[in-house]
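Got the viewer open? Here's a short walk through the model, one selection at a time.

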Amino acid sequence: MSIVRDRRKHVASLEGASAGVWGQHVRGRLSARERIDVLVDTGSFRAVAPRSTRAHAGLHVPAEAVIAGRARVHRRTVYVYAQDAGTGAGALGHAPATRVQALLTRALTGPGPVIALLDSPGVPLQAGAEGLAGHAAVLGAQAGLAGRVPQVALIMGPCAGMAALVPGLADLTFMVRGTSHAFLTGPEVVRSVAQEPLSAEALGGAAVHAARSGVADGVFEDDVEGLLELRRLCTYLPAGAGEGPPRVATSDPPDRAEPSLETLVPCDPRDPFDMAELVQKVLDEEDLFELGPEHAPNLVTGLGRLAGCTVGVVANQPLVRAGCIDTRGARKGARFLRFCEQFGLPVILFCDAPGFLPGSSEEYGGLIRDAGGMLGVLAAMRVPRVYVVPRRAYGGAALAMGIDVGSACRTLAWPGAEVALMGAQAAAELIGDRVPEAGSDGRERVDGVVRPRHTRREIHRALATLRRHRPRRRGSPPGARRR
Amino acid sequence: MRPRRVRPSRGRERVFDKILVANRGEIACRIMRTAHRLGIETVAVYSEADRGALHTRMADEAICIGPAPPAQSYLAIDAVVRACRETGARAVHPGYGFLAENENFARAASGQGIVFVGPEPRAIAAMGDKLTSKAIAAEAGVSVIPGHPEPVSDPQRALAIAREIGYPVMLKASAGGGGKGMRRARDDAECREGFERARSEARAAFGDDRILIERFIEQPRHVEMQVVADRYGNVVSLGERECSIQRRHQKVIEEAPSPFLDEATRQAMAEQARALARAVDYRSAGTVEFVVDAQHRFYFLEMNTRIQVEHPVTEEVTGLDLVELMIRVAAGERLPVAQSDVTMHGCAIEARVYAEDPAAGFLPSAGRLVRYRPPRAGRKLRVDDGVYEGATVPVHYDPMLAKVIATGATRAAAIERLQRSLDAFYIRGVAHNLRFLAAILEHPRFREGRFSTRFVAEEYPAGFRPSHGTSDEPSTLVLVAAYVHARECERYDGAGVGARRAARGSPQQHWVVCIDDRRWPVAVRLVRGGCDARCGGREVPVRSAWRPGERLLRGAVNGTSVCVQVERRGPRYRLARGAVEADVTVLTPRAAELAPHVHGGPRGGTARYLRAPMPGQLVHLAVGPEEEIRTGQMLAVIEAMKMEHTLYAETDGRVKATFLSPGALLAVDEVILEFE
């Protein structure tokens, strides 16, 4: 209750103050400057000097529509810009776009992640042409950064039309529940053209993008929570391609044994188990920053640490759709794996794939191409990859997960796990014969059988070995530092 | 089991070669510990749901006796007896529950030449029937609740009987149960009116309007007397246990000795308990339960012819191993102790840790124990448990995970030790009642010993939710949160590794700790092994070797030793200690200033469906389609884990459709009905 009272008092006290701040606070949002204050280390923000402060004649959006600068998050350099919905609607007109462009160019020099805090109702109609040019400049610069520095977008308000391409080009996109919307075509047009009477929330709200479209890698409850979570995310992100995964001090020993994992796989092969438990118990401090938890939850992706270094995690989740690979999951996995490859993050894959999700909707949806796409990314990966197979990895689904494909990978299986064409029981039913010996044809495709309790230790060792014998890159992206 | 003053087995040959434990969970493990100490081989029996359970791992051999439902496994007399024969076990210990008080089982075992570790079937039968046991007790000079043995249907006669018994009296339907047709009367007028009301209620509810009259016990306490007897006529009483802290007639916290009894009452109670044991020729360990009123008058309730769940508190104060005594007596040995040898030392308190959710009406919680770290047992702390990290709590049985028993020279010391050990007990994967136990231990009424069997119902009528910290004073948790966050930031910042910096201390950092909408500014200066915190104008030293990622923060706040559970949840920390469990955010002063102005959009509407919270059977559906419902109204009853659970409406609304009818089997989250 007191918060509500405080809010009223606060809103009252703002009367006559900056209209922008007032306008944001009544909507339960922060202004651009306030957002940056919460996001970055206190006192670390340095605005980029716009190349020209001289206002061009005939331009409608002032440069102040965007605040852009270099700052630090947990003492790591980041490049951040925030749209100020109160000034020129925060639109990327010519002057603000120039600012952002300057910032993005600078992000390569002393590399660091780029963070975009998006909140703009769009370009005013009279500034249409200006907006088109501005967006072209920003999107062009963004595309040029792809694969060179990590780009993160947090949508904190409306993000419509061409502006929605900004998160489209980002590596990771997050949203704030209830206050953010993102769509390429707004609800009015959708209503009049497609005859779909949808609200902005139903068309492009956080729930839609988190679960259905998968555009949002995460959803936060409010501005402050979102910004604090971005701070945490930054501790996982490499500064750029070729910079290597960041390291954080930890007291969690790499050889920590987890006896409870011995009972994780149920006796009955039809019973599911929670792969998230295995993932958490393997990672440092049981900490996984999950990405896209609501979209295709049958394939878990996220960032974690092992012995202090960031690793990517991809895991089949048997609790959802039996862990089968489907179009959404394959697309989500491929996208995340590409991110890991671009930024040199080793990947741990927890594989319990009984197969592909059967059905016409999957086949019509192009599962062949999506599964192939994920396999393609995996086959071309040069970062170390370690597979853990707790129970089974069957046939094509195991291949799509990249087992035995490409270089720099090791496969660790738990005792009794099957890496095979199909389950022994299913095979027996097909060929009408007695049950063949379980896992008999999979042994040579496995590099080691590990006791469940020592999974963490063995992954750590395998990664260390792979790192030593890392294949040379054929060529690193231009501008990236070589180690 | 850690026998402190138990007499050694004196090098005699083993009492039995092999013993089968016809039970599961902690009591099976408990019995096996003693058996192993006595050099007896053990056999565990298990149902299909208990494959890999701790008792099967502890035993020398384990044998599966049937599917998960108890009736087909742990309660199946044939299966257990067959297991005895197959494994060559010479004796069978039934533990508690299941077959422990089943005279047919005792007979079946004896019939096959297997020794039943427990009393004779005769004694089990005599004490198993409420009316018979009461009659025997009265005969033996044990005080029973004053009342009239026959049901009454005439008001005048009821009045006479009530006067004879003495007010207050309780009028209850002879066919009754569940509180229906029950009336309390303090005088003639109330008795007259109450009798009519009770009668009409009874007629409506049970179709039988006969009424029983007995003395009403005000502020009843549940005190029970432990006895052990052998076949040579030796009967020894081992003191009492106070078990008044109960919820839904299930004991939660037990202690010995009772803080309420005086020595005279204790002696009289022990004397009567022994007399009753003699009267039925009792030959094992047993418990005589009494209800005690505010004037220290006590009345016989029933006799339990088995080992009790709460037996460890007696063991801790007497130093005797009750299971060992049971085994020896069953083997035909004499009781190794005489009444004069029995001495009591200090106080012992037991807390039962259940997999249940106190916030949801103590609904049992089944599942995998993702984390299970009991406190470390020691000289004055005993942990009897039957699970391990990674084990599964099946839906089919009692959801008790562990018993923690603390001993101390005084009651206060024992409580203190128990509190500290519960703070260190870390469970994840299933809901648990640790915070609830801590809340009881903290409660002034409990501390002062002012409670009755209605304590939980009176103090927690709507169930229990962990407090978020009530006082406006910056509590220990606030300071701990600031310290935890400062350490987290230090390592993310990559600072704090230099020895010089550690010695000098970090520059002062300013944080704002937020719990719900309360906030405390805390200034923190990190030093080696802790921090100096300044909060509300006070300088408080926090000392702890905690490092990020550790689940338990042990240390001292302002010189007081604390143990706080720390769990990182996204941008928050979930801290738990005692009865408090709070989600804490630690913000910079700037972020704290801005935080009140943000809020997410409206959440998705309230739940559209009533779903089964656990697997079970739908017993009763209280509402139909199109029916208006009010918050708190009963919607459905499901039976699971041998208990009935009522599901209530969370908001006002209307039922749109129901999908199941009573008798249907439910999976978790199965939709029972839909709201509009």
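**First stop: a residue in chain A**

Select Ala47(A): its relative accessibility is 55%, so this residue counts as exposed. Keep in mind as you look around that this is a predicted model. Ala47(A) sits in strand S1 of chain A, which covers residues 46-47. Now show what surrounds the residue. Which residues does Ala47(A) contact, once neighbours within four places in sequence are left aside? You should find Ala68(A) and Gly69(A).

For a sense of distance, add Gly204(A) to the selection and draw a line between the two C-alpha atoms. Ala47(A) and Gly204(A) are 32 Å apart in space on that line, with 157 residues separating them in sequence.

**Zoom out to chain B**

Next, select the whole of chain B and switch to cartoon. You're looking at 18 helices and 38 strands. The radius of gyration is 28 Å, close to the 26 Å from the globule rule for 676 residues, so chain B is as compact as a globular protein of that length. Turn chain B along its principal axes and the C-alpha trace spans about 80 × 70 × 50 Å.

Try a contact map too. Taking contacts in chain B between residues at least 6 apart in sequence, 64% link residues at least 24 apart.

Then put a surface on. Chain B exposes about 27,700 Å², with carbon and sulfur atoms supplying 49% of that area. Of its 676 residues, 55% count as buried. Colour by charge if you like: there are 95 positive and 86 negative charges in chain B, and their mean positions lie 6 Å apart.

**Into helix H10**

Hide the surface and pick residues 311-318 of chain B, which make up helix H10. Is this helix mostly covered or mostly open? Mostly covered: eight of its eight residues are buried. Show the side chains and you'll see charged Glu315(B) and Glu316(B) in the buried set, along with others including His311(B), Pro312(B) and Val313(B). Step one further along the chain to Gly319(B), which follows H10(B) and has a positive phi, near 75 degrees.

**Last stop: colour by confidence**

Finally, colour chain B by pLDDT. The mean is 88, and 92% of the residues reach 70 or more. Residues 1-11 of chain B fall below 50, yet this stretch has 31 contacts in the model beyond near neighbours in sequence. Residues 601-606 of chain B are also below 50, with six such contacts. Where pLDDT is low, don't read the predicted coordinates in detail. For the model overall, the scores are ipTM 0.89 and pTM 0.86.

Notes. Residues are numbered from 1 along each chain as its sequence is written. Chains are lettered from A and ligands numbered from 1 in the order in which they are written. Side-chain values use heavy atoms; hydrogens and water are left out. Helices (H or I, at least four residues) and strands (E, at least two) are DSSP runs, numbered from the N terminus. The radius of gyration is taken over C-alpha atoms; the globule rule is 2.2 Å times the number of residues to the power 0.38. Buried means under 20% relative accessible area, exposed over 50%, partly exposed in between (1.4 Å probe, protein chains only). Contact means heavy atoms within 4.5 Å. Accessible areas come from the Shrake-Rupley method with a 1.4 Å probe; for residues, only the protein chains shown count as cover. The place of a charge is taken as NZ of Lys, CZ of Arg, CG of Asp or CD of Glu. pLDDT is the predictor's confidence in each residue, from 0 to 100.
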